[in-house]
Amino acid sequence: MEYLTWILLAFLATDFVASNLAARRQWSEIARGKAGVHTLRKRTGIWDRAELERRFGAPDQNFAFTVTFDRVRRARTVARRVFDARWIEFTLFSMACVGVGAALSCGCPFRIALSITMVPVFYRCLIAGHDLMIMARSHSQRAEEIRARFDLAGSGAA
């Protein structure tokens, strides 16, 4: 059963790398001065397009906003500030790796190693839950944005 803790740790490591790459791509999009509505929702935690328009102005026809790095950082919600703090996730993951390694090398029961692993898993679940909440609350707006994008692509092909 020890393999289960190592599988969870491997999952956390993979997820940490993937989320860092996605965040880096989104922040570079913001640094270029044009950010899509999904990127702004993800980086600020603001799901309502009207609120995004109030803070960043009207988007273009592809729902891309003209932004600055500082304005986006100031617009972030408290939850997004916590979840974007990569050092928290890295610290929890590192402590879990050390804790699991120590627990398993000392002959501690499997339940202890699994419990140690569940701390960063729980934190990762909080982040995923927050992201799902943002997506659920903006579902109708996202559907409208997708329809508009397909309409633009269809009119450009004609």
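**Exercise 1. Which residues in H1 meet which residues in H6?**

Ground rules come before the solution. The model is predicted, so local features need pLDDT of at least 70, side-chain atom pairs count only at pLDDT 80 or more, and totals for chains, interfaces and linings use all residues. Residues are numbered from 1 along each chain as its sequence is written, and side-chain values use heavy atoms, with hydrogens and water left out.

*Solution.*
- Step 1: fix the elements. Helices are DSSP runs of H or I with at least four residues, numbered from the N terminus. H1 covers residues 2-31 and H6 covers residues 86-105.
- Step 2: apply the contact rule, heavy atoms within 4.5 Å.
- Step 3: read the H1 side. Glu2, Thr5, Trp6, Leu9, Leu12, Ala13, Asp15, Phe16, Ser19, Asn20 and Ala23 take part.
- Step 4: read the H6 side. Arg86, Glu89, Phe90, Phe93, Ala96, Cys97, Val100, Gly101 and Leu104 take part.
- Step 5: sort by class. Ala, Val, Leu, Ile, Met, Phe, Trp, Tyr, Cys and Pro are nonpolar; Asp, Glu, Lys and Arg are charged; the others, Gly among them, are polar. The contact of H1 with H6 has 12 nonpolar, four polar and four charged residues.

**Exercise 2. Classify the packing of H1 against H6 and against H7.**

*Solution.*
- Step 1: set the geometry. Axes are lines fitted to C-alpha atoms, for helices over the stretch in contact, and angles between N-to-C directions run from 0 to 180 degrees.
- Step 2: take H6. Its axis lies 11 Å from that of H1, at an angle of about 165°. H1 is therefore roughly antiparallel to H6, the class for angles over 145 degrees.
- Step 3: take H7, residues 110-137. The axes of H1 and H7 come within 9 Å and cross at roughly 20°. H1 and H7 are therefore roughly parallel, the class for angles under 35 degrees.
- Step 4: assign the hand. A crossing is left-handed if the near helix is turned anticlockwise from the far one by less than a right angle. The H1 and H6 crossing is left-handed. The H1 and H7 crossing is left-handed.
- Step 5: list the H1 and H7 contact. Glu2, Leu4, Thr5, Leu8, Leu9, Leu12, Asp15 and Ser19 in H1 meet H7 residues including Phe110, Leu114, Met118 and Arg124. By class, this contact has 10 nonpolar, three polar and three charged residues.

**Exercise 3. Decide whether Arg80 and Arg24 are buried or exposed.**

*Solution.*
- Step 1: state the cut-offs. Buried is under 20% relative accessible area, exposed is over 50%, and partly exposed is in between, with a 1.4 Å probe and protein chains only.
- Step 2: place Arg80. It sits in helix H5, residues 78-83. Its relative accessibility is 1%, so Arg80 is buried.
- Step 3: find its partners. Leaving out residues up to four places away in sequence, Arg80 touches Lys42, Arg43, Thr44, Gly45, His130 and Asp131.
- Step 4: check those in H2, residues 37-44. Seven of its eight residues are buried, among them Lys42, Arg43 and Thr44. Gly45 follows H2 and has a positive phi, near 85°.
- Step 5: place Arg24. It belongs to H1. At 61%, Arg24 is exposed.

**Exercise 4. How many disulfides are there?**

*Solution.*
- Step 1: apply the rule, a pair of cysteine sulfur atoms within 2.5 Å. The count is zero.
- Step 2: check Cys106. The nearest cysteine sulfur, that of Cys108, is 5.4 Å away. Cys106 is exposed at 62%.
- Step 3: check Cys125. The nearest cysteine sulfur, that of Cys97, is 17 Å away. Cys125 is partly exposed at 49%.

Conventions:
Helices (H or I, at least four residues) and strands (E, at least two) are DSSP runs, numbered from the N terminus. Angles under 35 degrees count as roughly parallel, over 145 as roughly antiparallel, 65 to 115 as roughly perpendicular and the rest as oblique.
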